[in-house]
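Reader: Could you take me through one part of this protein up close? I'd love to look at the disulfides, and I'm new to this, so plain words please.

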Amino acid sequence: MRAFLSIALTAGLIFLAGQPALADKRVALVIGNSSYRNVARLSNPANDAAAVAAMFKSAGFDSVDAKLDLSASEMRKTLREFGSRARDADVAVIYYAGHGIELDGTNYLIPVDATLETDTDVLDETFPLDRVLFTVEPARQLRLVILDACRDNPFAKTMKRTIGSRAIGRGLAKVEPSSPNTMIAFAAKAGSTASDGDSKNSPFAAAIVNHLTKPGLDLRKAFGFVRDDVLKATGNAQEPFVYGSLGGNDVTLVPAAPAVVAAPAPADPDATTQRDYDYAERIGTRPVWDAFIDKHPSGFFTALAKAQRDKLAAEAARIEATNKARIAEEEQRRLAIEGAKAAEQSKAAEQARAAEKARIAAEQAKKAEEAKVAEAERAKAAAIAKAAEEARAAEAAQAAAEAKAAAENRAREQKLAALTPPVDKSDQPQMVDLPRSLQAELKRVGCNTGAVDGNWNAASQRSLDLFNRHAGMKLDVKNASADALDAVRGKTTRVCPLACDHGFRADGDRCTKITCRAGYEVGDDNACEKMEVKKPTAKREEPRRERQERAKTEAVPARPQASGQLVCDHGGCRPVQRGCRVEQRRGYASPSGNVEVCN
């Protein structure tokens, strides 16, 4: 038993010595934020994160951390801990699926507990992309950040702007990594949104799992295959994009497997069992065969081991019977020489005959066991020959499959090389009448007061320029572009203020006429002002008495307007003041007996 263990240990050391050196250290962090507390839940980020984490684990990464639904404090702790693991790593990868936002050209990742009531909350409640890049910075060979965060963002629709000119764009903004050997992959190119998908995983995550960790495949080529798959799955509506640069050598997440010469397959699929049987056969003792049978209680090689052990047992029995027969013969001779009694000689002779019979039986048993071993050896040789034939057939099939795969790869590369990249392709589907659509959207946000006729004239250009001034953007006004249409559609409320003519004021989306109470009129600033009554200008010299009467009248404070009645006294007749009345009173010292009553 001890000898068998020694042989097995030696063989194990030889096997380990023949293995290749350990690969570079690779670490990965996977984050999936689905259950947002203040907006609608996302269905796929948790599934996408699980699939990507399983991919990294299958690829043999040294460390894979999978986190779901992180709050701000949990996200900060997770990035800090992963940064510590990246310090002694050669490759560091971070995958994030969830909501992101772009504010003034900077990209931010949103934890699940964010509220984002105003644009300034972005600085306090989210994590800038630079913080993520800082986490993977210590990696020695490759730093890879994959962002599946270009989904349509509900926070941007409800967020209040503290500064009207502050821009919050669709999707994420373009980035340029400052560190070498750093690559950033977006699910959709800058300024556009990505689809969450109708299945269990988003189109981007599904393509990542299919291509990213193929052994020996360069990262740039892998992301090219990802782009092709996503464009096909979304009908060319979503195009992934990669930012950053790598060197001239191939950069792979999983190195190519070394070429191995296929050896003939053993008769038993368990190569370890055959190897142990070969070691035990070299020693060929009963303890070694017993140890083999204890370790492998069943199987083809176990049957061979039992036959070998029975063969040894039969040989031992034969030797023991031979020795007993020899001893009996010597005892018989001794008794005969000593003149022993006939009974004792007869007994000894009987014992000798019994021993001889036992010896003959043992010889026959040994021959039977040898026949069994020979039959087992013939079966073993036939099985090994059959396995060798199957291995040759499998090798031929593998060679044919590799040739077919190489031909398909060459065809795919030729097809990719034949494709001409678009010069300036918009993310939005082609519009049938772009000028008319843009005019209609400008009218919706209050910037176009002209006609919606599809004619992009000077009035339409002035409308787009008015939108630029009030939205804080710099769109080209000379032509009706898809980018301009996309930007105007992104505004859900009125952008340009409502302008009304003099005498009218803005009431929601309409101009209503201003009305003033009696004695007031609309002034230059559209406010109600008291009307001024111009006094008549004297055109002739008045008599002295008339001038004195007029002076007395002007000295009296202004009274309310007359009611239409007249009252007379010694000074003459005058209109009755508004709110007063004329009453007839007897004995009153007036020419008509009428008196003005004001109470």
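Author: Let's start with the link of Cys-580 and Cys-598: it has 115° about the S-S bond, which makes it right-handed. Keep in mind that this is a predicted model. The sulfur atoms of Cys-580 and Cys-598 sit 1.8 Å apart. Now find the two ends. Cys-580 is in the loop between strand E15 (572-577) and strand E16 (581-584), while Cys-598 is in the segment after strand E17 (594-597), so this disulfide ties together parts that are 18 residues apart in sequence.

How covered up are those two ends? Cys-580 has a relative accessible area of 13%, and because anything under 20% counts as buried, it is buried. Cys-598, at 45%, is partly exposed.

In case the word is new to you, a disulfide is a covalent bond between the sulfur atoms of two cysteines. The count for this chain comes to 3 disulfides, so let's visit the others too.

Next up is the bond joining Cys-516 to Cys-528, with 2.0 Å from S to S. This one is left-handed, with -85° about the S-S bond. It links distant parts of the chain that are 12 residues apart: Cys-516 is in the loop between strand E11 (510-513) and strand E12 (520-522), and Cys-528 is in strand E13 (residues 528-530). Both ends get some exposure here: Cys-516 is partly exposed at 26% relative accessibility, and Cys-528 is partly exposed at 39%.

Then there's the pair Cys-447 and Cys-496, whose sulfur atoms are 1.8 Å apart. With 90° about the S-S bond, this link is right-handed. Distant parts of the chain are connected again, this time 49 residues apart: Cys-447 belongs to the loop between helix H13 (434-444) and helix H14 (458-471), and Cys-496 to the loop between helix H15 (482-489) and strand E10 (504-507). What about cover? Cys-447 is buried, with a relative accessible area of 3%, and Cys-496 is buried as well, at 1%.

Now zoom out for some context. The chain has 599 residues, and 35% of them count as buried. You'll find 16 helices and 17 strands along it. Links across the sequence show up in the contacts too: among those with a separation of 6 or more, 61% are between residues 24 or more positions apart. As for the outside, the chain exposes about 36,100 Å², with carbon and sulfur atoms supplying 53% of that.

Terms used: Residues numbered from 1 in each chain as written. Predicted model: local features only at pLDDT ≥ 70, side-chain atom pairs only at ≥ 80, totals over all residues. Heavy atoms only, no water. Helix = DSSP H or I, 4+ residues; strand = E, 2+ residues; numbered from the N terminus. Buried < 20%, exposed > 50% of the residue type's maximum accessible area, 1.4 Å probe, protein only. Contact = heavy atoms within 4.5 Å. Areas by Shrake-Rupley, 256 points an atom, 1.4 Å probe, with all protein chains shown as cover. Disulfide = S-S within 2.5 Å.
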